Amino acid sequence: MPKVTKVIDNKEFSKELEKRTRKFAVRIIQVSHTLPNTPEGMVVRNQIRKSGTSIGANYREANRARSKADFRNKIKICESEASETQYWTEVIVDAKWLSWENVKPEYDECSELLAIFTSIGKK
């Protein structure tokens, strides 16, 4: 049987990506709650929480941009925040606060979001 591919329009894609980035933000908040309650842990908790939740907030703003330049700028911010979230995830593992297995789902999702925003930014 031939494989059936669902085609979605830009509006539906945008809606789904907004939902996906919001779910990602919640997952990052949940991960941040597990970090140690030390001065260092609190710094990283705050940083990953800010970058991880900023992705979806900036994407929502991009979808309401007033110009193509404004849209591109917001998408670049999404890209930057996704990259920063990956960085903080790596720091958490390197500091041995959480194992790779504990953060791999969030890291992988962040990698996918980064690839999506990089692709959008190039178009």
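Okay, let's start with a cut-off: buried means under 20% relative accessible area, exposed means over 50%, and partly exposed is whatever falls in between. And a reminder before we go on: this is a predicted model.

So, tyrosine 87. Its relative accessible area comes out at 45%, so we call it partly exposed. Its partner is tryptophan 88, and that one is buried, at 14%. What makes me mention them together is the rings. A search of the whole structure turns up 3 aromatic pairs. In the pair made by tyrosine 87 and tryptophan 88, the ring centres sit 4.9 Å apart and the planes are at 75 degrees, so that's edge-to-face.

Another of these pairs is tryptophan 100 with tyrosine 107. Here the centres are 5.0 Å apart with the planes at 65 degrees, so again we have edge-to-face. Planes over 60 degrees apart are what get that label. As for accessibility, tryptophan 100 has 34%, so it counts as partly exposed, while tyrosine 107 has 16% and therefore counts as buried.

Now, helix 3. It runs over residues 68-94. How does its span compare with what you'd expect at 1.5 Å a residue? With 27 residues it should cover 39 Å, and the C-alpha atoms at its ends are indeed 39 Å apart, so the two agree.

Which residues of helix 3 are buried? The list includes Lys74, Ile75, Cys78, Glu79, Glu81 and Ala82, and further along you get Thr85, Gln86, Trp88, Thr89 and Ile92. What do they pack against? Helix 1, which is residues 10-33, plus helix 2 and helix 4. Just past the end of helix 3, lysine 96 has a positive phi, about 65 degrees.

You'll have spotted a lysine in that buried list. Lysine 74 has a relative accessible area of 15%, so buried is the right word for it. And what does its side chain do? Well, the structure holds 10 salt bridges, and lysine 74 takes part in one with glutamate 61, where the closest N and O atoms are 3.8 Å apart. That pair links distant parts of the chain, since glutamate 61 belongs to helix 2, residues 39-62, and lysine 74 to helix 3, with their positions 13 residues apart. The cut-off for a salt bridge is 4 Å, by the way, so 3.8 Å does qualify. Glutamate 61 itself is partly exposed, at 42%.

Lysine 74 also has a salt bridge with aspartate 70, with the closest N and O at 3.2 Å. Those two both lie in helix 3, 4 residues apart, about one turn of the helix. Why does that spacing suit a pair? An α-helix has 3.6 residues a turn, so residues three or four places apart point the same way. Aspartate 70 is at 23% relative accessibility, so it counts as partly exposed.

Over in helix 4, residues 100-122, there's a pair with that kind of spacing: lysine 104 and aspartate 108 are 4 residues apart, about one helical turn. Their side chains meet in a salt bridge at 2.5 Å, N to O. Lysine 104 is partly exposed at 36%, and aspartate 108 is partly exposed too, at 30%.

One last item on charges: Glu18, Arg60 and Arg64 are joined into one network by salt bridges that share partners.

That's my tour; happy to go back to any of it.

Conventions. Residues are numbered from 1 along each chain as its sequence is written. This is a predicted model: local features need pLDDT of at least 70, side-chain atom pairs count only at pLDDT 80 or more; totals for chains, interfaces and linings use all residues. Side-chain values use heavy atoms; hydrogens and water are left out. Rings of Phe, Tyr and Trp (its six-membered ring) pair if their centres lie within 6.5 Å; planes under 30 degrees apart count as stacked, over 60 as edge-to-face and the rest as tilted. Buried means under 20% relative accessible area, exposed over 50%, partly exposed in between (1.4 Å probe, protein chains only). The expected span of a helix is 1.5 Å times one less than its number of residues. Contact means heavy atoms within 4.5 Å.
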